[in-house]
Amino acid sequence: MNETEYLIYLQKEIHTVVAATVDDNGLPVTCAIDMMDADENGLYFLTARGKGFYSRLKKSGYMALTGMKGEDTMSCVAVSVRGRVKELGGALLPRLFEKNPYMLEIYPTTESQRALTVFRLYAGMGEWFDLSKKPIERFSFSFGQAKAKQEEYFITDACTHCRTCESVCPQGCIDFTFKPAVIRQEHCLHCGRCIEVCPQGAVIREESK
Ligand code: SF4
Ligand code: SF4
């Protein structure tokens, strides 16, 4: 999937997410919100201007969110996104209400809808995490002007191919057909066990390029 398809999956297949902002003391605050639309420009959601959520969005201009789909942990797909948000005002409200008609049960009249305003999460990074796959699948993506920067585990030239890390990797995602061995990023859990056991200090954790 490309970055737009990840956003569309989040909006259509998951829809309700837990969003995190920070309060005036820099402490995290979460709330559940619905993703009303998604396209190549980002994710769209709405809130009422009277809510604390609105004030926190305006103050920081930043938000993180996670949505999950699945019946239980081992059938779960989770999509996490974080990035900059911009208030778009009320112009998009008719379109978002048309796409999400259940909103009329919460804000039934045009007058009541005047409390609402639309935001777009327009530049950020995300991660797709699928526990239903064996081994697990993980992909990072970015959208807008943001560059995807993700901490990942890599094996350096110091690797002597001793295979000590093989038995401790919970996903079996270290490939020994290469020298030095290679970590399959799309299956890595980021547990860090390989760093702990490598006798050569050959495993490093750093931002992907
Ligand atoms: S434990 Fe370290 S040196 Fe041994 S194979 Fe794994 S990465 Fe290479
Ligand atoms: S971080 Fe964990 S899952 Fe990833 S390669 Fe190392 S041991 Fe395996």
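This is a chat about a predicted model of a protein chain with two ligands.

Student: What's the overall makeup, helices and strands?
Tutor: The model is predicted. The protein chain has six helices and twelve strands. Its C-alpha trace spans about 70 × 35 × 25 Å along the principal axes.

Student: Which domains are assigned?
Tutor: The assignment gives domain 1 (3-132) and domain 2 (152-207). Taken over C-alpha atoms, the centres of domain 1 and domain 2 are separated by 36 Å.

Student: How many residues are there, and what share counts as buried?
Tutor: The protein chain has 209 residues, and 25% of them count as buried.

Student: And the contacts, what share comes from residues 24 or more positions apart?
Tutor: Those pairs make up 64% of the contacts with a separation of 6 or more.

Student: OK, strands. What does β7 pair with?
Tutor: β7 covers residues 116-130 and pairs antiparallel with β4 (residues 42-48) over six bridges. It also pairs with β6 (residues 77-89) in the antiparallel sense, over twelve bridges. With β8 (residues 137-143), β7 forms seven bridges, again antiparallel.

Student: Which residues should I look at to find those pairings?
Tutor: For β4, take T47, whose bridge partner in β7 is T117. For β6, S80 stands opposite E127. For β8, F143 stands opposite G124.

Student: How many residues lie between β7 and β8?
Tutor: Six, and the two strands form a hairpin.

Student: Switching to β1. Which side chains point to the buried face?
Tutor: In β1 (residues 16-22), V17, A19 and T21 point to one face and are buried. T16, V18, A20 and V22 point to the other face and are not buried.

Student: What are the partners of β1?
Tutor: Among them is β2 (residues 28-34), joined to β1 by seven bridges and running antiparallel. There, T21 has V29 as its bridge partner. β5 (residues 62-69) also pairs antiparallel with β1, over three bridges, and A19 is bridged to L65.

Student: What's in the turn between β1 and β2?
Tutor: The hairpin has five residues between the strands, and G26 in the turn has a positive phi of about 75°.

Student: Now the core. Which residues touch the most other members?
Tutor: In the largest nonpolar core, which has 27 residues, they are L10, M35, L43, F45 and M63. At least two residues of this core come from each of α1 (3-14), β1, β4, β5, β6, β7 and β8. β7 supplies the largest share, with five residues.

Student: Take L43. What is it in contact with?
Tutor: Setting aside neighbours within four places in sequence, L43 is in contact with L7, L10, Q11, M35, A38, V81, R120 and L121.

Student: What about the second core?
Tutor: That one is separate and has twelve residues, including I155, C165, C188 and C198.

Student: Do the ligands next. What surrounds ligand 1?
Tutor: 13 residues surround ligand 1, and the closest are C159, C162, T164, C165 and C198. By class, the shell has eight nonpolar, four polar and one charged residues.

Student: And which residues are closest to ligand 2?
Tutor: C169, C188, L189, C191 and C194, out of 15 residues surrounding ligand 2. That shell divides into eleven nonpolar, three polar and one charged.

Student: Which cysteines turn up in both the second core and a ligand shell?
Tutor: C165 and C198 are among the core residues and are among the closest to ligand 1. C188 is also in that core and is among the closest to ligand 2.

Definitions and conventions:
Residues are numbered from 1 along each chain as its sequence is written. Chains are lettered from A and ligands numbered from 1 in the order in which they are written. This is a predicted model: local features need pLDDT of at least 70, side-chain atom pairs count only at pLDDT 80 or more; totals for chains, interfaces and linings use all residues. A residue is near a molecule or strand if its C-beta atom, placed from the backbone, lies within 6 Å of it. Ala, Val, Leu, Ile, Met, Phe, Trp, Tyr, Cys and Pro count as nonpolar, Asp, Glu, Lys and Arg as charged, and the others, Gly among them, as polar. Two strands pair if DSSP finds at least two bridges between them. Helices (H or I, at least four residues) and strands (E, at least two) are DSSP runs, numbered from the N terminus. Domain bounds come from an automatic or database domain assignment. A residue is buried if 20 or more other C-beta atoms lie within 10 Å of its own, exposed if 12 or fewer, and partly exposed in between; C-beta atoms are placed from the backbone. Two residues are in contact if their C-beta atoms, placed from the backbone, lie within 7 Å. A nonpolar core is a set of buried Ala, Val, Leu, Ile, Met, Phe, Trp, Tyr and Cys residues joined through C-beta atoms within 7 Å.
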